[in-house]
Each structure stands twice: as C-alpha cells, then as structure tokens.
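Colleague: I've got a new model open on my screen and I'd like to walk through it with you. Can we take it piece by piece?

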Amino acid sequence: MSGAPRMLSLFLALLTVAGVSQAATAQSSLATKSQGGWIGSFDYLSWSVRSSDLEYGITDIGGVQDRGPVGEILTLDPSYDSGFRFAIGRSGVSGPEVLFEYTTFDTASSETYVGPLRATFVSSDNSENDDSDNINTLGVETITPDDRATSATAEMTFDYEIYDIEMAQSLTLTDTLQLRLSGGGRIASIDSSFNVQYTGGDFQTAFNSFKESAYEGGGITAGGDLVWQLMPSIRLSVGTNVAMMMGTVDTRVFIPDDEPGVPTDVEFSDTRMTPVLTMSAGLDMQRQIGSFLVGVAGGYEMTNWFNLTDTRVFSDSHIEAQNSHLVDDLSLDGAYVRFFVMR
C-alpha cells in the first residue's frame, strides 16, 4: 500500500466530487444536526505499527570471532495496512451524544536480510564462544549455534481490537468555533507475535526463535475536539483523547538450544496500569440530502500505548536463567477516511 499519501489523494478527490455547498445549505445542515437523531459512520484506516520490540540482528563487518558486533541494528519496519472502524449512536436535541465504536486492525509484515550478521534473538548459552556445552565427553568442540549468521528472516503479526462507548457534549464558543467534550469506557484486545529464523554461519540448521504477547484490558477515556468552521460546509478539527487502562499482559519467549529438546521457553504474566494517548487532525464536509445529513472526512491520527510491549532477554553469560525485563511503548499512526450519516 502507498499509505498516507494515497489516503490524502482519495480524500481530496472526494471533496472535489462532492463540491462545496452554499451557505444556506450549511445553515440547514447545522439546524438539522441540532435537532438530534441517529448517527452512523464507517472509517477506512491506513495504519502502521511502531515498536522497538522488532529488532533481530546487527550487521557485522569482518570475521573476527572474539570481538563485539560492529554495524547497524536490524529492525523489522512494518508497512501501512488496512483497518476499519464502525460507530453508531444517537444525538439528543440538547443533551449529550451517545456513541458506540468498534476498531479493528490486523496486519502482518516480513523481511529477509542476506549478509553477515550477529543474531540478537538468542540466549546467552547460545551466543557464548567456547561454551562448556560445546565440548563433548571426548573433549572435542562440537558444532553448535553461536551468534553469527549469513541471513535472517523476521516475521510479525499484529491484531488490534478496541471497543469504546462514550458520551459527548458540544459547546458553541463562537460563530465558527465549537468544543466537543467526551468521556466513556474502553475494552481492548491486542495480540502480537514475532518470529526470526537464522541460517548459515554458526547456524548449520535453521534456528527459529519467537515471542508472543497478548493484552486484555479495560479502562476509562476522556477527550476534547476543537472544531473550526472554515467554509460554509467544511470544518477543521483537532482532537486529543486520553485513556487509563487496567489490563494483563501475557508473554512467551521461545529460543532453541544447542542441546536438542532443551530450549529456552518461558512465560510471563503481569497486570498493570497503561496510559494511552491519541491525537488527530482532519477535515470534514457535510451537506443535507433530504432528511439525511451526510458527510465525508479525512485526516491523520496517532496513538501511543505507554509501556505496553514486554520482552524477556537472556543476556548473562554465566547464569543462563538471568534475564532482563525490557518494557517499551507501542504506537500506531496513519490516515483515515470517514463516511458518516445522520438522520
């Protein structure tokens, strides 16, 4: 997919086709909206995942075995993919708007690096040079996984589902400026997996490591949107939404070992508070068609889940069970195109 540029082109094309309604039509639309009614919308999303949890190697220069890695860190960079968001609700005559919203985004990415590299997705026992596990009963060093490869293939899958219910109230600040305040509840389910296969070099057979993460949680949200009436039927909106979530993160890390049947295979579960921040900016156009108020909108948004990714890294060369607990953010960003109707 071409991502945000394609979405922007599509939105501009929709605005051109629909045209700009006259001031009288716009006034009629606003009057109809103030009467309240049912609301429905559909969003097409073009998003990408941002996470530091997708590193899998370091490019290596030369062939000196007893030194540290030299080169560039290899990280899987997910491409933009499609998602969808649906909303339905009702707006009162003078009371708050009540809205239910469902967001789904599933994506998968992969890449293969060919060339000398040092594997970072191995345990300390695998990555040691001249480890005692590499010496058999005859005192002969055996061929076992180390940390050098000639190629690596990284694969990632990501599933994202959000359920929101909110109440909102719009306040008129000036003739051309409105403030929409909202608050409600959220349920979230986020699953991800990351697999790396190393081949060549010290890995005489394919070496497959993977890690999985599943998050389930719920919490409360609050937000605000400033809406400017730029033209009779075109508005600019800039919004911020914050959420505080309580949920459980379940992770599993699997790393093969140089001794068949004895892998690193650990699971971890943690219940934590997770803050979430979303910011967005977009344009929308609406017009009255009979008893319906219809419109199209488009823009850009980004969401950051603080301290959601969780990884166990086994890095100690003397205590094989020693591990580091790495926690980082999960981010999503991209464009959206929205079609909405109100009656």
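Modeller: Sure, and keep in mind that this is a predicted model. A handy place to begin is the hairpin that β8 and β9 form, with two residues between them.

Colleague: In what sense do β8 and β9 pair, and over how many bridges?

Modeller: β8 covers residues 203-231 and β9 covers residues 234-255. Two of the facing pairs are I220 with M244 and G217 with G247. The strands run antiparallel, and the count of bridges is 21.

Colleague: G247 also has a partner in β10, then. Which residue stands opposite G247 there?

Modeller: β9 pairs with β10, residues 264-289, in the antiparallel sense over 22 bridges. So much for the strands; the residue in β10 opposite G247 is R272.

Colleague: And on the β7 side, which residue of β8 is the bridge partner of N195?

Modeller: β7 and β8 run antiparallel, joined by 23 bridges. They make a hairpin too, with two residues between the strands. Within that pairing, the β8 partner of N195 is F210.

Colleague: Which residue in the hairpin of β7 and β8 takes a positive phi?

Modeller: Most residues other than glycine have a negative phi, so a glycine is a natural thing to look for. In this hairpin the phi in question is near 65 degrees, and the residue is G201.

Colleague: Is there a non-glycine with a positive phi, and if we take N307, what is its value?

Modeller: N307 sits in strand β11. It is partly exposed, with a relative accessible area of 41%. N307 is not a glycine, yet its phi is positive, at about 55 degrees.

Colleague: Let's go to β1. Why is it largely enclosed by the rest of the structure?

Modeller: Buried here means under 20% relative accessible area. β1 has 15 residues, and it is largely enclosed because the number of them that are buried is 11.

Colleague: Which residues stand opposite F42 and Y44?

Modeller: β1 pairs antiparallel with β4, residues 81-91, over 11 bridges. β1 also pairs antiparallel with β12, residues 324-342, over 13 bridges. On the β4 side, F42 faces F86, and on the β12 side, Y44 faces V337.

Colleague: Now the inside. How much space lies in the largest cavity?

Modeller: Rolling a probe the size of a water molecule over the atoms shows where empty space is left. The structure holds one cavity of 30 Å³ or more. The space in the largest cavity is about 250 Å³.

Colleague: Which residues are the closest to its centre?

Modeller: The largest cavity is lined by 22 residues. They divide into 11 nonpolar, seven polar and four charged. The closest to the centre are S51, D53, S192, S213 and T309.

Colleague: Which strand gives the most to the lining of the largest cavity?

Modeller: β1, β6, β7, β8, β9 and β11 each supply at least two residues of that lining. The biggest contribution is five residues, and it comes from β8.

Colleague: One loop caught my eye. How far apart are the C-alpha atoms of G92 and Q169?

Modeller: G92 is in the loop between β4 and β5, and it is partly exposed, with a relative accessible area of 28%. Along the chain, G92 and Q169 are 77 residues apart. Their C-alpha atoms, though, are separated by 9.7 Å.

Colleague: Stepping back to the whole protein, what share of its contacts between residues at least 6 apart joins residues at least 24 apart?

Modeller: The protein has three helices and 12 strands. Among contacts between residues at least 6 apart in sequence, the share joining residues at least 24 apart is 73%.

Colleague: Last one: what percentage of the residues count as buried?

Modeller: The accessible surface comes to about 16900 Å², and 59% of that belongs to carbon and sulfur atoms. Of the 343 residues, the share that count as buried is 43%.

How values were computed. Residues are numbered from 1 along each chain as its sequence is written. This is a predicted model: local features need pLDDT of at least 70, side-chain atom pairs count only at pLDDT 80 or more; totals for chains, interfaces and linings use all residues. Side-chain values use heavy atoms; hydrogens and water are left out. Helices (H or I, at least four residues) and strands (E, at least two) are DSSP runs, numbered from the N terminus. Buried means under 20% relative accessible area, exposed over 50%, partly exposed in between (1.4 Å probe, protein chains only). Contact means heavy atoms within 4.5 Å. Accessible areas come from the Shrake-Rupley method with a 1.4 Å probe; for residues, only the protein chains shown count as cover. Two strands pair if DSSP finds at least two bridges between them. On a 1 Å grid over the protein atoms alone, a cavity is a set of points where a 1.4 Å probe fits but cannot get out, and a pocket is an open set with protein on both sides within 12 Å along at least five of seven lines; lining residues have an atom within 4 Å of a point. Grid points are joined across faces, edges and corners, and a volume is the space filled by probe spheres set on the points. Ala, Val, Leu, Ile, Met, Phe, Trp, Tyr, Cys and Pro count as nonpolar, Asp, Glu, Lys and Arg as charged, and the others, Gly among them, as polar.
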